[in-house]
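Subject: Handing over a structure

Dear colleague,

I am passing on the structure shown here, and I would be grateful if you could look through it before reading my notes.

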Amino acid sequence: RQKPRFSTFDHYFRHATRYEAEAAELSHDDFLTHGYLGRVLMHMANAEAVRRSYEEVCRTIRAFLDASLKADTQAAGWLQRPAPSSPVSIRYKPPR
């Protein structure tokens, strides 16, 4: 499984506050509803782990949008301190 190369974008986003996230158990198509549901409906061996990772990605996106667009401090705090058991790892990168 390939890991994202976030450093590729460092130069372009050097003045932007941003979050970088990686999700365990997800391949490219699993980030889409049909990819996730396909694994679940086909009862694949890792369907439960994929479901958990997919749902956590959805919660992470929701928290990011709430923090960014609604100035929700609770959501921003959640992004700064995700649960240790989360299948999604998040890194905050301040502007340089």
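The notes below go through the core, a helix pair, the aromatic rings and one charged residue.

Please keep in mind that this is a predicted model, in which local features need pLDDT of at least 70 and side-chain atom pairs count only at pLDDT 80 or more, while totals for chains, interfaces and linings use all residues. Residues are numbered from 1 along each chain as its sequence is written, and side-chain values use heavy atoms, with hydrogens and water left out.

The largest nonpolar core (buried Ala, Val, Leu, Ile, Met, Phe, Trp, Tyr and Cys residues joined through side-chain atoms within 4.5 Å) has twelve residues, among them Tyr-36, Val-50, Ala-63, Ala-75 and Ile-90. Two or more of its residues come from each of α2 (47-69), α3 (73-80) and β2 (88-93), and α2 gives the largest share, five residues. Helices here are DSSP runs of H or I with at least four residues, and strands are runs of E with at least two, numbered from the N terminus.

Helices α2 and α3 also pack against each other, at an angle of about 130° and with their axes 8 Å apart (axes are lines fitted to C-alpha atoms over the stretch in contact, and angles run from 0 to 180 degrees between N-to-C directions). This makes α2 oblique to α3, a word for angles that are not under 35 degrees (roughly parallel), over 145 (roughly antiparallel) or 65 to 115 (roughly perpendicular). The residues in contact (heavy atoms within 4.5 Å) include Ala-63, Asp-66 and Ala-67 of α2 and Ala-75 and Trp-78 of α3. Ala-75 itself touches Ala-63, Asp-66 and Ala-67, leaving out residues up to four places away in sequence.

Three aromatic pairs are found in the whole structure, where rings of Phe, Tyr and Trp (its six-membered ring) pair if their centres lie within 6.5 Å, and count as stacked with planes under 30 degrees apart, edge-to-face over 60 and tilted otherwise. Tyr-19 and Phe-64 form an edge-to-face pair, with ring centres 6.1 Å apart and planes at 80°. Because Tyr-19 lies in strand β1 and Phe-64 in helix α2, the pair ties together parts that are 45 residues apart in sequence.

Finally, Asp-10 sits in the segment before β1 (18-23) and counts as buried at 18% relative accessibility, buried being under 20% relative accessible area, exposed over 50% and partly exposed in between (1.4 Å probe, protein chains only). Beyond its neighbours within four places in sequence, Asp-10 is in contact with Arg-18, Glu-20, Lys-93 and Arg-96.

With best wishes
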